[in-house]
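Visitor: Could you take me closely through one part of this model, with the cut-offs behind each term spelled out as you go?

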Amino acid sequence: MSHAFASLILALSFGAVHAQDIKVVYHVNTGVETAAGILGNVRNHLSADPSAKIVVVTHGLGIDFLLDGAKDSKGREFSGVVSDLSGKGVQFRVCNNTLISRNIDANKVSMDAKIVPSGVAEVARLQAKEGYVYLKP
């Protein structure tokens, strides 16, 4: 094998590693007071790595920023930020167990979010079955 051919094989194999998208699950179970910071982390993550595949899984108080009319401490609705991130490929998932236990109508969940049966089960599934890296902001 020639040196040039070996170099090409090496370059292609390293390129394949770099071309692989990183998949990250952000686990959110804290209320609206932390949501702006978490969404800022997601935005910064995408700025640093636009090819990252990001899923934000929420349960407990973590779903609150994904409910219609939810606002941050400055009175700004989260819907615009969520829609913007969703448009950039970020997926948002809301725990149905939380909706049931808190007696929240599923129609109050942002149109940019998908309801999953269990938030914690979804976090585990993404890690175990789909190779997502876990982040707890």
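Guide: What follows is a close look at strand β3 and the contacts around it.

This is a predicted model, in which local features need pLDDT of at least 70 and side-chain atom pairs count only at pLDDT 80 or more, while totals for chains, interfaces and linings use all residues. Residues are numbered from 1 along each chain as its sequence is written, and side-chain values use heavy atoms, with hydrogens and water left out.

Strand β3 covers residues 91-95; helices (H or I, at least four residues) and strands (E, at least two) are DSSP runs, numbered from the N terminus. Four of the five residues of β3 are buried, so the strand is largely enclosed by the rest of the structure, where buried means under 20% relative accessible area, exposed means over 50%, and partly exposed lies in between (1.4 Å probe, protein chains only).

On one side of the pairing account stands strand β2 (residues 53-58), which runs parallel to β3 and is joined to it by four bridges; two strands pair if DSSP finds at least two bridges between them. Within this pairing, Val55 has Gln91 of β3 as its bridge partner. From β2 the chain passes through helix α3 (residues 79-87) to reach β3 in a right-handed β-α-β crossover, a term that applies if, with the strands pointing away from the viewer, the path from the first strand over the helix to the second runs clockwise.

Strand β4 (residues 113-116) also pairs with β3 in the parallel sense, over four bridges, and here Val94 has Ile115 of β4 as its bridge partner. Together with helix α4 (residues 96-101), β3 and β4 make a right-handed β-α-β unit.

The side chain of Arg93 adds a link of another kind, a salt bridge with Glu122 whose closest N and O atoms are 2.4 Å apart; a salt bridge is a side-chain nitrogen of Lys or Arg within 4 Å of a carboxyl oxygen of Asp or Glu. This pair links distant parts of the chain, since Arg93 lies in β3 and Glu122 in helix α5 (residues 119-130), 29 residues apart. Arg93 is buried at a relative accessible area of 9%, and Glu122 is likewise buried, at 7%. The two residues belong to a network of salt bridges that also links Arg125 and Glu130.

By the same rule the count comes to seven salt bridges, among them the one between Asp72 and Arg76 (2.9 Å, N to O), in which Asp72 is buried at 13% relative accessibility and Arg76 is partly exposed at 47%.
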